[in-house]
Amino acid sequence: MPGDNNQRETGPILKIEGLNKSFGGLQAVLDFSLSLETGELKGLIGPNGAGKTTVFHLITGFHKPNSGRVVFKGINITAQSPNRVTKLGIARTFQKIRMLENIKVIDAMKTAFYLQKPYNVLDVLFQTPKYGREERQLEEKALEFLTFFGIAHLANDLGSDLPYGLQRRVGIARALALSPELLLLDEPTSGLNTVETDELVEIILEIKDKFGLSIILVEHDMRVIMDKGICDSIVVMHQGAVITEGTCEELQEDERVIEAYLGAGVA
Ligand SMILES: Nc1ncnc2c1ncn2[C@@H]1O[C@H](COP(=O)(O)OP(=O)(O)OP(=O)(O)O)[C@@H](O)[C@H]1O
Ligand SMILES: [Mg+2]
């Protein structure tokens, strides 16, 4: 309809076309393209330094690309601010755990809700009845999320005091509190033992179904993704570029994947 600004392109929930990013002389991301269908769980793997985290930074506006396009739900979000990207429905977790230091778990959750629905500054400053009411509602909502993740009993603990596995759960719970449609997980199982890894993978599959999420799951350890067989498809990156894409079965036999990992000395 002419003049209808809400009209959106149909098709994949996320489309990345020809992204490039260099840091000085280093080409961290090279002509990177990817298409993610709604409800899809896509793995993004590649050896250390392949450019995976940089791709997440480019999607979420933490870095601006030198060229290329990121289109989310038909909206061109290339080089938008991280806040705007979050508001449009993309949430992420960080490879290096942060944001949790010296903050109680419940408060880490509540800040996610604040981001979504900021208070009127006056309400906060003067602690109006409206503020008190909404504050209690937020607390209940935060506890609901924590209960779903099996960590409600940790609500008043400091995030930084928790073991690694639980910090990762809080990180994902917090990302979900932003009500995303697309969730970007950057090595969620790194540093976890096999039991914690299995539990977290279960949680990821559960939230995908329960919240109807589309997910990109970054891993440098390809065995985590290959062994679990949880991804609908897997994109393999090496030296900034996509070298191949396929299902778990297809990639297991793919020479290029084995070479990329052997070349990086980690296979
Ligand atoms: N801010 C930056 N400044 C300079 N170089 C950077 C910056 N961020 C990333 N790089 C470089 O870009 C390349 C890609 O890094 P990136 O962190 O995206 O890799 P990765 O695939 O996430 O690796 P890992 O599996 O180790 O997390 C690396 O060579 C890295 O050193
Ligand atoms: Mg990384």
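Guide: Let's start with a term we need: a polar contact is a pair of N or O atoms within 3.5 Å. Keep in mind that this is a predicted model.

Visitor: What makes the approach of Thr53 to ligand 1 a polar contact?

Guide: An oxygen atom of ligand 1 is 2.8 Å from an N or O atom in the side chain of Thr53. The cut-off is 3.5 Å, so the pair qualifies as a polar contact.

Visitor: Which other residues have such an atom close to an oxygen of ligand 1?

Guide: Gly51 does, with a backbone N or O atom 2.9 Å from an oxygen atom of the ligand. Glu187 uses a polar side-chain atom, at 3.2 Å from an oxygen atom of ligand 1. On its own the ligand exposes 640 Å², and the protein buries 64% of that.

Visitor: Which residues come nearest to ligand 1?

Guide: There are 13 residues around ligand 1, and the nearest are Gly49, Lys52, Thr53, Thr54 and Gln95.

Visitor: Why are Thr53 and Gln95 called donors of the magnesium ion?

Guide: Thr53 offers its OG1 atom and Gln95 its OE1 atom, and they lie 2.0 to 2.2 Å from ligand 2, the magnesium ion. A donor has to be an N, O or S atom within 2.8 Å of the metal, so both make the cut. The two come from distant parts of the chain, 42 residues apart: Thr53 belongs to helix α1 (residues 52–59), and Gln95 to the loop between β6 (90–92) and α3 (105–116).

Visitor: Are those two residues buried, exposed or partly exposed, and how do you know?

Guide: The relative accessible area is 22% for Thr53 and 29% for Gln95. Buried means under 20% and exposed means over 50%, so Thr53 and Gln95 both count as partly exposed.

Visitor: What makes helix α1 count as largely enclosed or not?

Guide: In α1, 7 of the 8 residues are buried, so the rest of the structure largely encloses it. Those buried residues are Lys52, Thr54, Val55, Phe56, His57, Leu58 and Ile59.

Visitor: What comes after α1?

Guide: Thr60 sits in the loop between α1 and β4 (67–72). Its relative accessibility is 4%, and the limit for buried is under 20%, so Thr60 counts as buried. The C-alpha atoms of Thr60 and Ala79 are 8.1 Å apart, though 19 residues separate them along the chain. Gly61 also follows α1, and its phi is positive, near 85°.

Visitor: How do you know whether the length of helix α6 agrees with its number of residues?

Guide: Helix α6 (residues 164–176) has 13 residues, and at 1.5 Å a residue they should span 18 Å. The C-alpha atoms at its ends are 19 Å apart, so the two values agree. This helix is largely enclosed by the rest of the structure too, because 10 of its 13 residues are buried. Among them are Arg168, Val170, Ile172 and Leu176.

Visitor: Why is the pairing of Lys42 and Glu40 called a salt bridge?

Guide: Their side chains meet at 3.2 Å, N to O. A salt bridge needs a side-chain nitrogen of Lys or Arg within 4 Å of a carboxyl oxygen of Asp or Glu, so this pair passes. Both Lys42 and Glu40 are buried, and they are linked with Glu245 in a network of salt bridges.

Visitor: What does Ser233 contact there?

Guide: The side chain of Ser233 makes a polar contact with that of Lys42 at 3.0 Å, and another with the side chain of Glu245 at 3.4 Å. Ser233 is found in strand β9 (residues 233–238). Buried means under 20%, so at 10% relative accessible area Ser233 is buried.

Visitor: How many salt bridges does the whole structure have?

Guide: The search finds 8. One of them joins Asp107 and Lys110 at 3.9 Å, N to O, so it still falls within the 4 Å limit. Both residues lie in helix α3, 3 residues apart, which is about one turn of the helix. Asp107 is partly exposed at 30%, whereas Lys110 is buried at 7%.

Visitor: What makes Arg256 and Asp254 a salt bridge?

Guide: Their side chains meet at 3.1 Å, N to O, so the pair is within 4 Å. Arg256 is partly exposed at 45% relative accessibility, while Asp254, at 10%, is buried.

Terms used: Residues are numbered from 1 along each chain as its sequence is written. Chains are lettered from A and ligands numbered from 1 in the order in which they are written. This is a predicted model: local features need pLDDT of at least 70, side-chain atom pairs count only at pLDDT 80 or more; totals for chains, interfaces and linings use all residues. Side-chain values use heavy atoms; hydrogens and water are left out. Donors are N, O and S atoms within 2.8 Å of the metal (3.2 Å for Na, K and Ca); water is not among the atoms, so sites may look incomplete. Helices (H or I, at least four residues) and strands (E, at least two) are DSSP runs, numbered from the N terminus. Buried means under 20% relative accessible area, exposed over 50%, partly exposed in between (1.4 Å probe, protein chains only). A residue is near a molecule or strand if one of its heavy atoms lies within 4 Å of it. A polar contact is a pair of N or O atoms within 3.5 Å; within protein, one must be able to donate a hydrogen and the other to accept it, and residues adjacent in sequence count only if both atoms are side-chain atoms. Accessible areas come from the Shrake-Rupley method with a 1.4 Å probe; for residues, only the protein chains shown count as cover. The expected span of a helix is 1.5 Å times one less than its number of residues.
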